[in-house]
Structures are given as C-alpha cells and as structure tokens.
Amino acid sequence: MDAFPRHVSGGQQQRVAIARTVVMRPRLMLFDEPTSALDIEMVAEMPQVMRDLLTEGMTIVVVRHEIGFLRSAADRIIVLAEGRIIEDRPARDFLEEWAERRSRRFLSAILVA
C-alpha cells in the first residue's frame, strides 16, 4: 500500500493493473496470460475473480495456454492458428471432443499426464 507499482513484484504489478481496470467498470476486459506473473495463491484465485466479473455483467476475453485454467474458467474456447479461427465451441464440448486436427495435436501434447 505504501509503494508505487514499479517498486513491487511482477505479480503485484499485475494485481494493481487488474484492480485499476476493474475500478473503471469496463464492459469488456482482455486478459493475455493473466496468471503468468502471479504467485500460486493468486493463480488459484484468478478463475473466481473472473467469474465474479462475469456475474457483474462484464465480458472477458482470455488468452491462455494452460488447459486446467480453461477448464475452470472458460465457457467458450476459440483456437487461433496462423491468424484464423480453427475452433470455436463451448468449452465443455471442446475439451471433451475436439474436431480440428491441429487442435487435437495441440491438446494431445499438453494433456499428457
């Protein structure tokens, strides 16, 4: 509270940026890898933060590569490749049965236990 954002950690800077944006009450928020600089506690809290924003009527677009996060937070998944949409489906449908060959390759590689 007594420090400027430039004097705190990357994760704390990210929290400040999110808070500054939420205070302005935008109708739409874009998140690009929103948990990349956060500590483990905030990573676990982020899906709930996003659900709370959705409940308040905000539209959220998230760029994310980590499937566990998508499972807990997304209601729709769009996959882009070379500048075009190759998948656009409800998250539960996408994660259960992906149709596009490129999406299958991607998910097969990252879902290996």
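How much accessible surface does the protein have, and what share of that surface belongs to carbon and sulfur atoms? In this predicted model, the accessible surface comes to about 8,200 Å², of which 53% belongs to carbon and sulfur atoms.

**View 1. The whole protein and the order of its elements.** The protein holds 5 helices and 4 strands, and read from the N terminus on, these elements follow the order α-β-α-β-α-β-β-α-α. Of its 113 residues, 29% count as buried. Among the contacts between residues at least 6 apart in sequence, 39% join residues that are at least 24 apart.

**View 2. Helix α1 and its two sides.** Helix α1 takes in residues 10–23, and because 14 residues at 1.5 Å a residue should span 20 Å, the 20 Å between its end C-alpha atoms agrees with that expectation. The buried residues of α1 are G11, Q14 and I18; they cover an arc of only 60° around the axis, and therefore lie on the same side of the helix. That buried set packs against β1 (28–32) and α2 (40–55), whereas R20 and V23, on the other side of α1, are exposed. After α1 comes R25, whose phi is positive, near 55°.

**View 3. The pairing of β1 with β2.** Strand β2, made up of residues 59–63, pairs with β1 in the parallel sense over 5 bridges, and within this pairing L30 has V61 of β2 as its bridge partner. Between the two strands the chain crosses from β1 through α2 to β2, forming a β-α-β crossover that is right-handed.

Note on methods
Residues numbered from 1 in each chain as written. Predicted model: local features only at pLDDT ≥ 70, side-chain atom pairs only at ≥ 80, totals over all residues. Heavy atoms only, no water. Expected span 1.5 Å × (residues − 1). Buried < 20%, exposed > 50% of the residue type's maximum accessible area, 1.4 Å probe, protein only. Arc of directions from axis to C-beta. Contact = heavy atoms within 4.5 Å. Pairing = 2+ DSSP bridges. Right-handed = clockwise from strand over helix to strand, strands pointing away. Areas by Shrake-Rupley, 256 points an atom, 1.4 Å probe, with all protein chains shown as cover.
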